[in-house]
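Grab a pencil and open the viewer: here come a few exercises, each with a worked solution. Try each one yourself before reading on.

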Amino acid sequence: MDGLELLIAASLNAGTALAIAGIGLLINERAGILNLGAEGMMLVAAIAGFATAVHTGSPWLAFVVGMLAGAALSACFGVLVIWLNTNQVATGLALSIFGGGFSAFVGIPYVQEKLGEQTQFQIPLLADIPFFGPALFRQHPMVYIAIALVAALAWFLYCTRAGLVLRAIGESPESAHALGYPVRRIRLMAVLAGGAMCGLAGAYISVIYTPLWVEGMIAGKGWIALALTTFATWRPARVLLGAYLFGGVTMLQFYLQGRGVHVPSQFLSMLPYLSTVVVLVLISRNAAWIRANMPASLGKSFFPGS
Amino acid sequence: MTLNTKRSLLTRAGWTVLAAAAVLAGCGKKEETPAPAASAPASAPVAAAAPASAPPLKVAFAYLGPAGDHGWTYAHDEARKAVEKEYGDKIQTSFVENVPESADAERVFRDMATQGNTLIFGTSFGYMEPMLKVAPDFKDAKFEHATGFKQLDNLRSYDSRSYMTAYLVGIIAGKMSKTGVVGVVGSIPVPEVIRNIDAYTLGAQSVNPKIKTKVVWVNSWFDPPKETEAAQSLINGGADVLLQNTDSTAVLQTAEKNKKWAFGWDSDMSKFAPNAHLASAVINWAPYYSKAIKEALDGSWKGNTATWWGIKEGANDVVAISDQVPQDVKDLVAKTKASMADGSFNVFHGPLLDNAGKEILKKDEVADDKLLGGLNFYVKGVDGKVPGGDKK
């Protein structure tokens, strides 16, 4: 198949933002917080990152600012949900909608801006390997950072004490509280970390992936990232796999269209979302398995002994 | 914190938020309408008494995307600003952006009409049904629908012959392409877009008969991330000169990143891709808007018509042709443009075959507006089938 290595490269690129956002949401959900505000956080971070890149010309600074913006927005969410015990679903949705409107408003003067020329990255020797070079080694560093983040999170969750405490809080905050752990503070830290990750993903999209700003440019990737965490049964490595699957199917539909495959383009457009639904259905067939994998306190408010 | 103090804190916080929201709602609005105290044409007594200072004509625009998209909507907004300058005090314009092509659009049009706007422009194909629903309820208002094909007594359609400029940039593409494959990022498979794909192909084939065209559909008028992915996949598939029918600058920027070429569409996009930009096929709505407003002001506005302007009337043009394009190509484009303007050249002329080999036009036949309006086939050289089938 001609162009397969380019398809793989494009899929990796397309899946990276989803993977990073998915990781952030995974941290949240492992602590028991369901943060539906992913889309809003990504949008706010996207405009923050884009504005930074416009004014300073540095994409890395833009990523940092994006992370801060995402964390700031998620901090509001965290305070509401953890200390005031508002309904997590409703608050998350409100955050999403707020993020969308706020980013659109702040972004008005930036709609006509453009960023400078982007540097093409490639790993020196590996990029020249016949098939795998173009497929895997000519990506923006963020693609590799995403993979590193997934590995780091997996190590954190399963090999460190702090990760164990986080998972424990996600399973049973009451027990953790009884043991003396500061449940709310740890949950807030998880929310902030998750917000930072979503922010990084949002900034990546607006600065590197599609270097421009228009309102709503995240176009639903935040929601896909949310579905990803369930799809991945809350395991980091599976989040990465799911992100690449989704990115891959998205690019596959354009690849097929470009080769004149006689399937209606509308159907091909539907494929990524359809494949997500199919996998979710397959996973959900065994309800017991879902229950065994899902953090037990996901979405439930925690009242420390009141 | 006990439950009671928490509750009162929440109540106080709630009231503060509500108050703040009320203040904000009063101050800012997405629509750029001037202070509501301004004259409402419906307040008849003043208008009847003094013809010398008639209240300004209220004109409203509904945009599909943001005015800053630098594409389709930007072109409409530039035209709005131009007629605002031209007519000064005689008109008062306002616009609403990001109106989706759904039931929400109906609400927006109703709102515009009830606010006293008597000339309302709906700038996207998908507003046709909502406008058809709203127009009968406001017999005094005049509705103008872009790119549609249904009319009423107080609703008429207007469009631009963008296929002419698609043909012209196709000439440039045919000359500049090194791989012999050009690409089109298609928005939604409606006749307008299919026409543009065909015209682009015909233009390219007029200078290089072996040109092939690949098409990828994003199924949206405006979706920068998808447009980027689509453009990337076209480039991966071998296309080196891209055309778009979508509304953002993403395709151009992707071409720039990959060191390929592309064209600006609907507006001058040259500044977004200094190396990749070859030319921009722009639409200038100002001449038509000026005519429509003049007719509304002097009372000669008639509905039930469909106006389709092109190069001759100044509605379409190719601008900002890059210096990378050789002078002889620029001259050919200028020559063809002139013959389109005086009517001696028709883009869709016979003999014309579709890409399945079926004959559409015989030698010396010219496509009429009816055929063009419902065009649903790819010409020879375009890969693939029209989505939705070739039902005539």
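**Exercise 1. Around one helix residue**

Leaving aside neighbours within four places in sequence, which residues is B:Val169 in contact with?

*Solution.* Before we start, keep in mind that this is a predicted model.

Step 1: list the partners. Outside the four-place window, B:Val169 is in contact with B:Tyr200, B:Gly203, B:Leu243, B:Phe263, B:Ala279, B:Ala281 and B:Val318.

Step 2: place the helix. Helix α6 of chain B covers residues 162-176 and lies across β6, β8, β9, β10 and β12 of that chain. Against β10(B), the helix runs at about 170°.

Step 3: look at two of those partners again. B:Phe263 stands opposite B:Ala279 in β10(B). Their strands, β9 (residues 261-266) and β10 (residues 277-283) of chain B, run parallel and are joined by five bridges.

Step 4: zoom out to the core. B:Val169 is among the residues with the most contacts inside the largest nonpolar core, along with A:Ala21, A:Ala46 and A:Tyr204. That core has 193 residues, and helix α9 of chain A (residues 183-209) gives the most to it, with 17. Domain 1 and domain 2 of chain B each put in at least three residues.

**Exercise 2. The mixed sheet and its edge**

Work out the strand order of the mixed open sheet in chain B, then decide: is β7(B) buried or exposed?

*Solution.* Step 1: read off the order. Six strands line up as β7-β6-β8-β9-β10-β12, and neighbouring strands are turned by 20° against each other on average, ignoring direction.

Step 2: find the edges. β7 and β12 of chain B each have a single partner strand, so one side of each is left without a neighbour in the sheet.

Step 3: check the pairing of β7. β6(B) and β7(B) are parallel and share six bridges; in one of the pairs, B:Gly183 has B:Lys214 as its bridge partner.

Step 4: check burial. Despite the edge position, six of the six residues of β7(B) are buried, so the strand is largely enclosed by the rest of the structure. Face by face, B:Lys212, B:Lys214 and B:Val216 are buried on one side, and B:Thr213, B:Val215 and B:Trp217 on the other.

**Exercise 3. Where the chains meet**

Which elements of chain B each supply at least two residues of the side that touches chain A?

*Solution.* Step 1: count. 32 residues of chain B are in contact with 33 residues of chain A.

Step 2: name the elements. They are α1 (3-27), β7 (212-217), α8 (224-236) and α9 (250-257) of chain B, so you meet β7 again here. The largest share, nine residues, comes from α8(B).

Step 3: sort by class. The chain B side splits into 12 nonpolar, 13 polar and seven charged residues.

**Exercise 4. Two domains, one chain**

How far apart are the C-alpha centres of the two domains of chain B, and how many residues does each give to their contact?

*Solution.* Step 1: set the bounds. Domain 1 takes in 55-160 + 286-309, and domain 2 takes in 162-284 + 314-373.

Step 2: get the distance and the counts. The centres lie 27 Å apart. The contact takes 19 residues from domain 1 of chain B and 20 residues from domain 2.

Step 3: look at the domain 1 side. α3 (72-87), α10 (286-298) and β11 (306-309) of chain B each supply at least two residues there, and α3(B) gives the most, with five. By class, this side has 12 nonpolar, six polar and one charged residues.

Step 4: see what else α3(B) does. This helix lies across β1 and β2 of chain B, at about 165° to β2(B).

Step 5: follow those strands. They belong to a parallel open sheet of six, ordered β2-β1-β3-β4-β5-β11, with β2 and β11 of chain B as its edge strands. β1 and β2 of chain B pair over six bridges, and B:Ala60 stands opposite B:Ser94 in β2(B).

**Exercise 5. A glycine in chain A**

Is A:Gly163 buried, partly exposed or exposed?

*Solution.* Step 1: locate the residue. A:Gly163 lies in helix α7 (residues 161-171) of chain A.

Step 2: count neighbours. A:Gly163 has 17 other C-beta atoms within 10 Å; 20 or more would make a residue buried, and 12 or fewer exposed. The verdict for A:Gly163 is partly exposed.

Step 3: name the contacts. Beyond four places in sequence, A:Gly163 touches A:Phe156, A:Leu157 and A:Tyr158. A:Ala31 is 132 residues away in sequence, with a C-alpha to C-alpha distance of 9.7 Å from A:Gly163.

Note on methods. Residues numbered from 1 in each chain as written. Chains lettered and ligands numbered in written order. Predicted model: local features only at pLDDT ≥ 70, side-chain atom pairs only at ≥ 80, totals over all residues. Contact = placed C-beta atoms within 7 Å. Helix = DSSP H or I, 4+ residues; strand = E, 2+ residues; numbered from the N terminus. Nonpolar A, V, L, I, M, F, W, Y, C, P; charged D, E, K, R; others polar. Pairing = 2+ DSSP bridges. Axes fitted to C-alpha atoms, helices over the stretch in contact; angles between N-to-C directions. Core = buried A, V, L, I, M, F, W, Y, C linked by C-beta atoms within 7 Å. Domains from an automatic or database assignment.
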